[in-house]
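Reader: I've got a structure open and I'd like to talk through some of its side-chain contacts. Can we go through them one by one?

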Amino acid sequence: MSNYHLYWFTYDADDVPSVRFRCTQFLAHLQSVHGVKSSVIQPPTCFRKQLVFLMLVTKLAFSRKKKRKVVIQQVGANDFYARVLLLLSKWRKDVIYDVDSSINHLIEDSVFLSFLQSSEVIMCGSKWMKKFVQNAGSKSFFLPTPAQTNREIGPLSELFTIGWIADARLDHSHDECLSNINQLETALLPIVRAISFPVKLEIIGIKEAKDRNRIRQALAGFPTIILEMPEVGLSDEELLFKQISSWDLGISLSNEHIWSITAGPIWNQHLLSCGVPLLVSNLGENSALIEHGVNGWKCDSKDDFVDAVNRYSMLSPQQKQELKKAAKHSVASWNIESVGSRFVEWVIQE
C-alpha cells in the first residue's frame with residue numbers, strides 16, 4: 001500500500017485529544033504498520049496559505065486517482081475553509097466525512113448536515129453517533145477512537161483514589177447543562193460527598209481559576225475528602241497516563257442530552273487501557289464499554305455510584321488487581337492495532 005495516500009482535513013489543532021488520537025497518531029500508525037502515506041491539512045490562517053489550500057483542493061477535485069482518498073474531520077463552522085471543503089465533497093462524491101462524536105452545537109448546523117448528505121461515507125466515533133446519522137443518505141461505519149496498548153497497570157494506591165477528567169469538548173458547549181463545571185457540581189461532587197470513608201479525588205482538565213476555586217469551596221466542609229487538581233496537560237501523554245494509572249477508579253458521567261448520549265467516550269478507553277476500572281452512567285456510548293462487575297459498573301443514580309464505590313472498597317487486593325487486568329483487556333477491540341486494521345479493510349481495501 002506504499003502508493004496509497006490519505007488527505008486528512010481536520011478543523012482542530014493537534015493539542016485537541018480527538019485530533020491527536022483520531023488523526024495524527026492514527027495516521028502515523030497507518031504509515032508505520034500498513035505503509036499508508038498521509039497529509040494533514042488544517043484551516044489556512046493567512047491569504048498566502050489560503051491560495052495554497054485552494055490549489056490543493058483544486059488538485060484533489062480533478063485528480064481521481066484510485067489510491068488517493070480524502071477524509072474530512074469535524075468541519076462545522078460556516079467559513080471559508082468549510083465552504084471550500086463542502087464544494088470538494090459535492091464535486092468528488094467519494095469523500096469520507098469523519099464526524100467523530102463531537103456534535104454538541106453542530107446538531108442543527110446546516111453545514112454539518114450538508115457534509116452528511118454530500119459525503120460518500122460517514123465515519124462515526126461512536127455507535128450511537130452512527131444511529132444519529134444513519135438517515136442522512138450516506139453509508140456510515142463505526143470506527144472507534146483508538147487507544148494505545150503499551151500502558152502499564154499501576155499499583156493499588158495507599159489512599160483510595162477516584163479520578164475524573166474534564167472533557168475539553170464541553171468547554172465549547174453553548175448548553176450550560178453540558179459544561180464540565182456543571183457536571184462536577186450537580187453529579188460528581190454529590191457522589192464523592194456521600195462516600196463514608198476517606199477518599200482522594202483527583203480532577204484533571206479544569207483550567208479556569210474561578211472554577212477550581214468553586215470546586216474547593218464546594219468540598220471545604222468535607223475533611224475526609226482530599227482534593228487534588230494536578231496541572232497535567234491533556235497533551236502531555238506520558239505524564240497524564242502515569243497520573244491516571246495511580247487511580248483506583250475512574251468516573252464518567254453522562255445525561256440524556258443528545259450530545260451526551262452520542263458522544264464517544266474519548267477518555268474512557270484510555271482509562272481502561274491504564275487498568276483503571278470505570279463507574280459510568282448507564283446511558284449511551286458510555287455504557288457500551290463497561291461489562292457490569294467485570295471492568296467497572298453501570299450506574300443509574302447517585303446511590304448506584306456510591307454503592308459501586310463501597311463494593312470496590314470491600315474487594316481483596318487480589319480481586320482489585322483482577323479488576324484492573326480486566327479493565328485493560330476490555331479495550332482490545334479499541335486498540336490502535338485493531339482500529340488500524342479495521343480502517344484499512346473498510347476504506348483502503350474496499
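Reader: Which residue forms a salt bridge with Arg214?

Author: Keep in mind that this is a predicted model. Look for a carboxyl oxygen within 4 Å of a side-chain nitrogen of Arg214: the closest N and O atoms are 2.6 Å apart here. Arg214 sits in helix H7 and its partner in helix H6, so the pair ties together parts that are 29 residues apart in sequence. That partner is Glu185.

Reader: Is Glu185 buried or partly exposed?

Author: Buried would take a relative accessible area under 20%, and exposed over 50%. Glu185 comes out at 31%, so the label is partly exposed.

Reader: Which residues are joined with Arg214 into one salt-bridge network?

Author: Start next door, with the side chains of Asp211 and Lys210, which meet in a salt bridge at 3.4 Å, N to O. Asp211 is buried at 11% relative accessible area, whereas Lys210 is exposed at 55%. Through shared partners, Arg214 is joined into one network with Glu185, Lys210 and Asp211.

Reader: Back to helix H6: where does the helix bend?

Author: Helix H6 covers residues 180-193, and the bend is about 35°. A proline, Pro190, follows within four residues of the bend. The spot you want is Ala187.

Reader: And how many of the 14 residues of H6 are buried?

Author: The buried ones include Ile181, Leu184, Leu188 and Val192. What covers them includes strand E8 (199-204), helix H7 (209-218) and helix H12 (302-313). H6 is largely enclosed by the rest of the structure, because its buried residues number 10.

Reader: On to the aromatics: what kind of pair do Phe142 and Trp334 form?

Author: A pair of aromatic rings is described by the distance of the centres and the angle of the planes. Phe142 is in strand E6 and Trp334 in the loop between helices H13 and H14, 192 residues apart. Phe142 counts as buried at 12% relative accessibility, and Trp334 does too, at 10%. With centres 5.9 Å apart and planes at 75°, over the 60 degrees needed, the pair is edge-to-face.

Reader: Last one: which residue lies over the face of Phe241?

Author: For a charge to sit over a ring, NZ of Lys or CZ of Arg has to be within 6 Å of the ring centre. Elsewhere, Lys131 lies over Trp128 at 4.4 Å. Over Phe241, at 3.6 Å from the ring centre, you'll find Arg151.

Conventions
Residues are numbered from 1 along each chain as its sequence is written. This is a predicted model: local features need pLDDT of at least 70, side-chain atom pairs count only at pLDDT 80 or more; totals for chains, interfaces and linings use all residues. Side-chain values use heavy atoms; hydrogens and water are left out. The bend at a residue is the angle between axes fitted to the seven residues ending there and the seven starting there. Helices (H or I, at least four residues) and strands (E, at least two) are DSSP runs, numbered from the N terminus. Buried means under 20% relative accessible area, exposed over 50%, partly exposed in between (1.4 Å probe, protein chains only). Contact means heavy atoms within 4.5 Å. Rings of Phe, Tyr and Trp (its six-membered ring) pair if their centres lie within 6.5 Å; planes under 30 degrees apart count as stacked, over 60 as edge-to-face and the rest as tilted. A charge sits over a ring if NZ of Lys or CZ of Arg is within 6 Å of the ring centre and within 35 degrees of the ring normal.
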